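Thanks for coming, everyone. I'll put the structure up and go straight in.

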Amino acid sequence: MSNNLKKHYKRALTIAGSDPSGGAGIQADLKTFSACGCFGTSAIVAVVDENTVGVTGVHPVPVEFVTGQIRSVLDDIGADAIKIGMLHSSELIRAVRDTLAAYPIRNIVLDPVMVATSGDALLQEEAVATLRDELIPAARIITPNIPEAELLLGHGIDGQEALPEAARELARIGKGVSVFLKAGHLEDEELVDIFYNAETDEIVPLRSRRLATRNTHGTGCTLSSALAAFLAHGCSLNEAAAKAKEYIAAAIEAGATYEIGHGHGPVHHFFRFWE
């Protein structure tokens, strides 16, 4: 078959840590890319010793080896979208930013991972400012939960009504980044995430049924990867946000019917195929 007639994958690269229990990090990202119709590639920034109960340790990959992985993937395969997850140090944050700056890839989704679902810290304290001031402005979308947003803003967020303005404030801090602000830490009966499209100045409420489930390990990784996947497919920001919300809501609902591990179990990434 002629090369001109061959099909092309939609490609998504994840830059994140590895979760041996399979529910978060690189493993969740690659599962999500596959479930959402993308060919997934990865650059591993750290090997994390964790399971559904908690994080025992983080073993960083040398910074120059992380940037080497990124260049190897992008120079050969390329990417239609990039998802960035846990970056544990200021040195690594700056190295990833500088490496990506050499490639004309607009669709960068940053999940500002600071704390695991179990409550364990994943980001060095001094790196929060570096993430906020130096990497967030290089992204197209960020996907903070409420505790992460409060850390980035330097003040609390008082309930559902405060989310739209908090998202706008985060966009200003990020010099025009769009914001998918997750409402999972609130306790309202309906779960209403807020997507602020900074490119059109739109607030888009994204609603789903709130479920009583412990299986929430990797929800943030999964949502941000779904966003990247749908952007890779050419969706607009609003379309990608809506499709990612639909995917994560369904993955949480399907995962809630399973029991795995002794702590916070994972969502069901392949609910469309396994059920």
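Start at G176. This glycine is in the loop that runs between α6 (163-173) and β7 (178-181). Remember as we go that this is a predicted model. Is G176 buried or exposed, or something in between? Its relative accessible area is 47%, so G176 is classed as partly exposed, the range between 20% and 50%. Beyond its neighbours within four places in sequence, G176 has contacts with A171 and A198. There is also A138, 38 residues away along the chain. The C-alpha atoms of G176 and A138 are 9.6 Å apart.

Now K175, in the loop between α6 and β7. Look at the backbone. K175 is not a glycine, yet its phi is positive, near 55°. Most residues other than glycine have a negative phi. K175 has a relative accessible area of 65%, so the residue is exposed, the cut-off being over 50%.

A second case is D201. Again, not a glycine, and again a positive phi, about 60°. D201 sits in the loop between β8 (190-197) and β9 (202-209). Its relative accessible area is 48%, which makes D201 partly exposed.

On to the helices. Take α7 first. What end-to-end distance should α7 span? The helix covers residues 219-232, which is 14 residues. At 1.5 Å a residue, the expected span is 20 Å. The end C-alpha atoms of α7 are 20 Å apart, so the two agree.

How many of the residues of α7 are buried? The count is 13 of 14, so α7 is mostly covered, with under 20% relative accessible area as the test for each buried residue. S225 is a residue of this helix. Its relative accessible area is 0%, so S225 is buried. What does S225 touch, not counting residues up to four places away in sequence? The partners are D29, T32, F33 and K83. After the helix comes G234, with a positive phi near 95°.

Next, α8, residues 237-255, and L237 in it. L237 has 4% relative accessibility and counts as buried. Leaving aside neighbours within four places, its contacts are R140, I141, S178, F195, N197, E199 and L231. L237 and N107 are 130 residues apart in sequence. C-alpha to C-alpha, L237 and N107 are 9.6 Å apart in space.

Now α3, which covers residues 90-100 and includes S90. S90 is at 13% relative accessibility, and that is under the 20% limit, so S90 counts as buried. Its contacts, with neighbours within four places set aside, are E126, A127 and T130. Which residues of α3 are buried? They are S90, L92, I93, A95, V96, T99 and L100. Keep the helix geometry in mind here. With 3.6 residues a turn in an α-helix, residues three or four places apart point the same way. What do the buried residues of α3 pack against? There are strands: β1 (11-18), β2 (39-50), β4 (81-84) and β5 (108-110). There are helices too: α2 and α4 (127-135).

That brings in α2, residues 63-76, where we find D75. D75 is at 56% relative accessibility and counts as exposed. D75 and Y103 are 28 residues apart in sequence. Their C-alpha atoms are 9.1 Å apart.

Let me step back to the whole chain. The protein has nine helices and nine strands. Its radius of gyration is 17 Å, and the globule rule gives 19 Å for 275 residues. Those values are close, so the protein is as compact as a globular protein of that length. Along the principal axes, the C-alpha atoms fill a box of roughly 55 × 45 × 40 Å.

How much of the protein is buried? Buried residues are 53% of the 275. Then contacts. Among those with a separation of 6 or more, 67% join residues 24 or more positions apart.

Last, the surface and the charges. The protein exposes about 12500 Å², and carbon and sulfur atoms supply 52% of that area. There are 23 positive and 35 negative charges. The mean positions of the two sets are 7 Å apart.

That's the tour. Over to you.

Notes: Residues are numbered from 1 along each chain as its sequence is written. This is a predicted model: local features need pLDDT of at least 70, side-chain atom pairs count only at pLDDT 80 or more; totals for chains, interfaces and linings use all residues. Side-chain values use heavy atoms; hydrogens and water are left out. Helices (H or I, at least four residues) and strands (E, at least two) are DSSP runs, numbered from the N terminus. The expected span of a helix is 1.5 Å times one less than its number of residues. Buried means under 20% relative accessible area, exposed over 50%, partly exposed in between (1.4 Å probe, protein chains only). The radius of gyration is taken over C-alpha atoms; the globule rule is 2.2 Å times the number of residues to the power 0.38. Contact means heavy atoms within 4.5 Å. Accessible areas come from the Shrake-Rupley method with a 1.4 Å probe; for residues, only the protein chains shown count as cover. Lys and Arg count as positive and Asp and Glu as negative; His and the chain ends are not counted. The place of a charge is taken as NZ of Lys, CZ of Arg, CG of Asp or CD of Glu.
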